[in-house]
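Student: Got a minute to go through this one with me? I'd like to jump around a bit.
Tutor: Sure, pull it up and ask away.

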Amino acid sequence: MAALTAALAALVMCIAPTAAHAEVEWLCKPGQKPNPCKGSFETTKVTSEGVESVVDSESSGRPRVDCFYVYPTVSEQLSINADKTVDPAQTAIAEYQASRFARRCRIFAPMYRQVTIVGLQSPEAQQAEALRLAYSDVLEAWKEYLREHNHGRGFVLIGHSQGTRMLRNLLRTEIDPRKGLRERMVSAILLGGNVAVKKGELAGGDFARTPGCSRPAQTGCVIAFSTFNATPPDNSRYGRVGGGDAGNAFGFPQGPDYEVLCTNPASLTRNRDRPLRTFIRSEAPPGVIGLLVLETYGGPPPSADTPWIQPQDHYTGHCVTDNGANVFHISPVGDARTLNPAPEPGWGLHITDMNIGLGNILGILRGQISAYSAG
């Protein structure tokens, strides 16, 4: 990984961000084909003892709410900002992270000129400029979604990593200040992106009015965490305010008065160490992300003949403060594999954030949607 990082750093010094262009392109949208956010839910379920069964379910024929998903850093294009070409990496990550949410909502996922894997090696000022360009695409897509597709429906924000940073800024500037939009937000699932709150509180950092979720069926709140299974090092990218936020491109609050929000998807109210329901795709993503999955599992990840697998490797999790970082700490159950941080210890188990407790998150969302619809 060190050699790859050095090569990317050398390459990126001579590449400038792409010029602005606001035309909206969609990775996922209802009725669009192909649509990687919509597919089979057939799942091989494996108990801790290795007993297998195949289960299947269908999405609601007419979901009552929408999901607005922004994908993480996956582009392997050799520029600081990607263009809006749908590469295999975007298709695979949408299948891996977002498609199971189609059981609960219509999914809209914009293409955006994200900072690429190469771009992560760029100087901070250059990276901050590139992040602002990426956000301009997300904002334009959000406005088009509201104007042409929302029609007053409730919505859920879903993001991971760079996608979470995009949605933190969107929620902070476009939704949190507007009562009408706040009331239509069912939930915001913002993983692996250091959502900031006032120390000891559930709000008051990134968002003045939108709190972290603290009870089942609570709506208009945020689920956020970053996954580790060891003490975060002093330079950890996640769990610390400002971690990995090159140049603080969006002016998020920082300093000793703030901390990173951690909400336990297996125990929202009491934060107890509880079982996680992991769902992963049977086919690992291609390219660099696939290599990180391989590194995390210390070999080939679990797979099955069905599109999804609930692996034999089971874990429990709860939020902790460890070495000054607020993180979601997971522990193996029985003979489950001990996962490896990737690409290095400061990232923790970043690649697992969305899927390690995906079943728990979907369970929370089901209750939130019911409460929103009833209200």
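Student: Which residue in S16 does Phe 228 stand opposite?
Tutor: Phe 228 stands opposite His 329 in S16. Keep in mind that this is a predicted model.

Student: How many bridges join S10 to S16, and do they run parallel or antiparallel?
Tutor: Two bridges join them, and the strands run parallel. S16 covers residues 325–332.

Student: What's the strand order in that sheet?
Tutor: S10-S16-S15-S12, four strands in an open sheet with mixed pairing. S10 and S12 (274–275) are the edge strands, each pairing on one side only.

Student: Back up a second. What's the average pLDDT?
Tutor: The protein averages 93, and 93% of the residues score at least 70. Over residues 1–19, though, the pLDDT is below 50. Beyond near neighbours in sequence, that stretch has 27 contacts in the model.

Student: OK, salt bridges. How many are there in the whole structure?
Tutor: A search of the whole structure turns up eleven. One of them pairs Asp 137 with Arg 113, at 2.7 Å from N to O.

Student: Where do Asp 137 and Arg 113 sit?
Tutor: Asp 137 is in helix H3 (residues 124–150), while Arg 113 is in the loop between strand S5 (105–110) and H3, so the salt bridge ties together parts that are 24 residues apart in sequence.

Student: Is Asp 137 buried or exposed? And how about Arg 113, buried or exposed?
Tutor: Asp 137 is buried, with a relative accessible area of 2%. Arg 113 is buried too, at 4%.

Student: Which residue does Asp 245 form a salt bridge with?
Tutor: Arg 165, with the closest N and O atoms 4.0 Å apart. Asp 245 is in the loop between strand S10 (227–228) and strand S11 (258–260), and Arg 165 is in helix H4 (residues 162–175). The two are 80 residues apart, so to speak of distant parts of the chain being linked is fair. Both residues are buried.

Student: And Glu 174, what does its side chain meet in a salt bridge?
Tutor: The side chain of Arg 178, at 3.8 Å from N to O. Glu 174 is buried, with a relative accessible area of 17%, whereas Arg 178 is partly exposed at 39%.

Student: Which residues are joined into one network by salt bridges that share partners?
Tutor: Asp 66, Arg 106 and Arg 153.

Student: New topic: Thr 210. Where is it found?
Tutor: Thr 210 is in the loop between strand S8 (196–198) and strand S9 (221–223). Thr 210 is buried, with a relative accessible area of 4%.

Student: What does the side chain of Thr 210 make a polar contact with?
Tutor: The side chain of Asp 176, at 2.6 Å. Leaving aside neighbours within four places in sequence, Thr 210 is also in contact with residues including Leu 171, Arg 182, Met 185, Leu 202 and Cys 221.

Student: Cys 221, nice. Which residue does a disulfide join to Cys 221?
Tutor: Cys 213, with the sulfurs 2.1 Å apart. The torsion about the S-S bond is about 95°, so this disulfide is right-handed. Cys 213 counts as buried at 2% relative accessibility, and Cys 221 does at 0%.

Student: How many disulfides does a search of the whole structure find?
Tutor: Four. If you number the bonded cysteines in sequence order, the pairing is 1-2, 3-4, 5-6, 7-8.

Student: What's the handedness of the link between Cys 67 and Cys 105?
Tutor: Left-handed, with -100° about the S-S bond. Cys 67 is in strand S4 (residues 65–70) and Cys 105 is in strand S5, so the disulfide ties together parts that are 38 residues apart in sequence. The S to S distance is 2.0 Å, and both Cys 67 and Cys 105 are buried.

Student: Last one: why is the disulfide of Cys 28 and Cys 37 right-handed?
Tutor: Because the torsion about its S-S bond is about 70°. The sulfur atoms of Cys 28 and Cys 37 are 2.1 Å apart. Cys 28 counts as buried at 0% relative accessibility, and Cys 37 counts as buried at 2%.

Key: Residues numbered from 1 in each chain as written. Heavy atoms only, no water. pLDDT = per-residue confidence, 0-100. Contact = heavy atoms within 4.5 Å. Buried < 20%, exposed > 50% of the residue type's maximum accessible area, 1.4 Å probe, protein only. Pairing = 2+ DSSP bridges. Polar contact = N/O pair within 3.5 Å; in protein donor to acceptor, adjacent residues only side chain to side chain. Disulfide = S-S within 2.5 Å.
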